[in-house]
Amino acid sequence: MSEVTHTHHHQLGHAHSHHHDAVAQANRDFFDDLNHDFDKIPHVKDRAARVVKAIAKAYPLDKENTTAMDFACGNGRVSLEMVPHVKSILGVDISQRMAEQYNENLKGKNASAVCVELKGEEGELSGATFDVVFCSSSYHHFASVDGITRILASFLKPGGALIVADMIHKEEGYEFMKNVGDAVPHKHGLSKGDMQKAFDGAGLTLRSFEELPDPTDHTDTPLFLAIGEKASA
């Protein structure tokens, strides 16, 4: 079982497990409560377009063959941008409300979402694997970046890629993160070293780590795009 959910038989392990549970519940509550206001979060739509443009430039996607998972998919804003580039997308989110909105927003497209907390256990998602797993602007919400990376890597086909877009690490932190509470454990963002460590621990090779171009109005958070590849069979 993954480090994310495994409860060790000593005090430190229990504290680690309880911390993960608290963070997961805080995120579930936060996104369930957002209701129809998700798209009102600053930069949601523009960032989705920026991220997918960068993914399509950095990694070969095939409209006829590429199967993808959108992890922590929210209401499907990133998937809406990704749909033209891939064969199909399965959205996965911890929030039932987000999954429902995703399915409304992507009705009639080759994409659908389920509400589930992945734990790296046998038979999850009916044993499905994917050519690409992508996760945008969500890694800073996860209690254990290393743990979630191992879980997501287990859903990759041989030769597949885990693609992560998130806030670049900033030593002084981000002003808007100061009042978000337990829902965001990584308020300073994540560094190349963080992603290298996570990919190494999941048996993935860091293919690239690059800073995304600034948005035209220069008001969004600095983002990176990291790609980790699974060895071919």
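Here are some friendly notes on the charged pairs and two backbone positions in this predicted model.

1. Let me start with the overall count. Searching the whole structure turns up 3 salt bridges. As general background, side chains of opposite charge can pair when their charged atoms come close. The next points take the pairs in turn.

2. One of the salt bridges joins Lys 157 and Asp 131, with an N to O distance of 3.8 Å. Lys 157 sits in strand β5 (residues 156-167) and Asp 131 in strand β4 (residues 130-136), so this pair, 26 residues apart, links distant parts of the chain. Both partners have some access to the surface: Lys 157 is partly exposed at 27% relative accessibility, and Asp 131 is partly exposed at 22%. The cut-off for buried is under 20% relative accessible area, which is worth having in mind when you look at the value of 22% for Asp 131.

3. Next come Asp 146 and Lys 197, whose closest N and O atoms are 2.2 Å apart in their salt bridge. Here the link runs between helices, with Asp 146 in α5 (residues 145-153) and Lys 197 in α6 (residues 192-201), 51 residues apart. The two ends of this pair fall into separate classes. Asp 146 has a relative accessible area of 17% and is therefore buried, since buried means under 20%. Lys 197 has 51% and is therefore exposed, since exposed means over 50%.

4. Glu 229 and Arg 207 also meet through their side chains in a salt bridge, at 2.8 Å from N to O. Because Glu 229 belongs to strand β7 (residues 223-230) and Arg 207 to strand β6 (residues 204-211), the pair ties together parts of the chain that are 22 residues apart in sequence. Glu 229 counts as partly exposed at 23% relative accessibility, and Arg 207 also counts as partly exposed, at 40%.

5. Now to the backbone. Most residues other than glycine have a negative phi. Ala 72, although not a glycine, has a positive phi of about 60°. You will find Ala 72 in the loop between β1 (67-71) and α3 (77-82). With 21% relative accessibility, Ala 72 is partly exposed.

6. Ser 137 deserves a look too. Its phi is positive, at about 55°, although Ser 137 is not a glycine. Ser 137 lies in the loop between β4 and α5. Those two elements also appear in the points above: Asp 131 is in strand β4, and Asp 146 is in helix α5.

How values were computed. Residues numbered from 1 in each chain as written. Predicted model: local features only at pLDDT ≥ 70, side-chain atom pairs only at ≥ 80, totals over all residues. Heavy atoms only, no water. Salt bridge = Lys/Arg side-chain N within 4 Å of Asp/Glu carboxyl O. Helix = DSSP H or I, 4+ residues; strand = E, 2+ residues; numbered from the N terminus. Buried < 20%, exposed > 50% of the residue type's maximum accessible area, 1.4 Å probe, protein only.
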